[in-house]
Amino acid sequence: MFPVKAAADLSGLTPETLRAWERRHAAVVPLRDDKGRRLYDAAMVERLTHLHRLTDRGHPIRDLAALDDVALDQLLEESRHAGYGGVETLPERMLDAIADYRVDVFDRDLSVAIATLPMSVLVARVVTPLLREVGVRWADGRLAIAQERLVSSLLRARFLSVLNQHPREQRPRILFATLPGEPHELGLLGAALHAHDAGAPVLYLGTELPARELARVAERLDVMAVALSSVDPGQAPAALAELRVLDEALAPGVPVWLGGANARYLAEALALARVQALTDPAALSRLIRREATSSRGRRAAARAG
């Protein structure tokens, strides 16, 4: 618990501003000690920090004070994305470079984006539009097969270098993979980067792993979750069969998160409690936090038993 001055210092406010926000807008409702002095817990300090950042970006406190913490987080993320001007033209410039086989230019721009942009911004405003434009240009003949594969190989190399740069040895891990017959992995890599950026220990296994092998790895490492990507509609029937095998072989309580174009169909067709379609990076971050807490509880109960 923090007194007024400490809470103000930690959130970047002055004590006078903090008191005004409480009195005029009920931005937070502090607790009181036995002498009537105001006290703030860590959640209140975090909320005040978010409010401070958003008011610095032009949002009036009278509008912010009524929002709950989830809405404040979302608004912060939107503001964060809006703060990186100029990235919208980057995917087109990178593909223009690939069209001329200027691999050095493409790789340089990608490296700078990875080094300077938050992961959520990188994936949402560079990588996703880049992959979409690759598909469009390939379909209309502006991009040759060799150029499309060159983009994929360069992205894969850079993404894997990020995932492997700072290995995290703590458990539980999230396993990332695709099932047999699914060689497409760029969306999976993007999701793994989101999880890595959210602080989750990631083990990236790559493409085309059989369900029973995934279950063996999951059991050996006592994982938090298994994340899979499925994008090829022609592979949906085979994916259904593999996911049923995975459900039988996987330990109870370990969720399976599905991404990619087939995710919603597969989750609805299976109707299994542990299998969930997940296409929103923000939802992935929330699930990571929730499952980390649940996993700690399961391990503590197992030790106690």
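Which residues are buried in helix α6, residues 90-99? I start there because the arrangement can be followed on the screen, and I should say at once that what we are looking at is a predicted model. In α6 the buried residues are Leu-90, Pro-91, Met-94, Leu-95, Ala-97 and Ile-98. Around the helix axis they cover an arc of only 150°, which puts them on the same side of α6. Following that helix comes Tyr-101, a residue with a positive phi, near 60°.

Tyr-101 also leads us to another helix, since among the contacts of Gln-147, once its neighbours within four places in sequence are left aside, we find Ile-98, Ala-99, Tyr-101 and Arg-142. Gln-147 itself belongs to helix α9, and with a relative accessible area of 6% it falls under the 20% cut-off, so it is classed as buried.

Let me step back to the protein as a whole. The chain of 305 residues has 44% of them buried, and its secondary structure comprises 14 helices and seven strands. Of the contacts with a separation of 6 or more, 66% are between residues 24 or more positions apart. The exposed surface comes to about 15900 Å², with carbon and sulfur atoms supplying 53% of that area.

Now to the beginning of the chain, and helix α1, which spans residues 4-11 and has Val-4, Ala-7, Ala-8 and Ser-11 as its buried residues. Viewed down the axis of α1, these residues fall within an arc of 100°, so they line one face of the helix. What do the buried residues of α1 pack against? Their partners are α2 (15-25), β2 (38-39) and α3 (42-56). Just after the helix, Gly-12 adopts a positive phi of about 85°.

The next feature is the largest pocket, which holds about 1100 Å³ of space. It is lined by 37 residues, and those closest to its centre are Leu-131, Leu-186, Gly-187, Leu-188 and Val-231. Which element gives the most to this lining? That is α8, with eight residues. The elements that each supply at least two residues are α8 (119-139), α9 (145-165), α10 (186-197), β5 (225-229), β6 (256-259) and α14 (281-304); the α9 named here is also the helix in which Gln-147 lies. By residue class, the lining divides into 20 nonpolar, 11 polar and six charged residues.

I will finish with two alanines, beginning with Ala-211, which is found in helix α11, residues 211-221. Its relative accessible area is 0%, and Ala-211 is therefore buried. Setting aside neighbours within four places in sequence, Ala-211 is in contact with Glu-242, Val-245 and Leu-246. Between the C-alpha atoms of Ala-211 and Asp-247 the separation is 8.7 Å, although the two are 36 residues apart along the chain.

The second is Ala-263, whose place is in helix α13, residues 263-270. Is Ala-263 buried or exposed? Its relative accessibility is 0%, so Ala-263 counts as buried. Not counting residues up to four places away in sequence, Ala-263 touches Ser-230, Leu-258 and Ala-277. Gln-276, which is 13 residues from Ala-263 in sequence, lies 8.1 Å away from it in space, C-alpha to C-alpha.

Note on methods: Residues numbered from 1 in each chain as written. Predicted model: local features only at pLDDT ≥ 70, side-chain atom pairs only at ≥ 80, totals over all residues. Heavy atoms only, no water. Buried < 20%, exposed > 50% of the residue type's maximum accessible area, 1.4 Å probe, protein only. Helix = DSSP H or I, 4+ residues; strand = E, 2+ residues; numbered from the N terminus. Arc of directions from axis to C-beta. Contact = heavy atoms within 4.5 Å. 1 Å grid on protein atoms, 1.4 Å probe; cavity = no way out; pocket = protein on both sides within 12 Å on 5 of 7 lines; lining within 4 Å. Points joined across faces, edges and corners; volume = space filled by probe spheres on them. Nonpolar A, V, L, I, M, F, W, Y, C, P; charged D, E, K, R; others polar. Areas by Shrake-Rupley, 256 points an atom, 1.4 Å probe, with all protein chains shown as cover.
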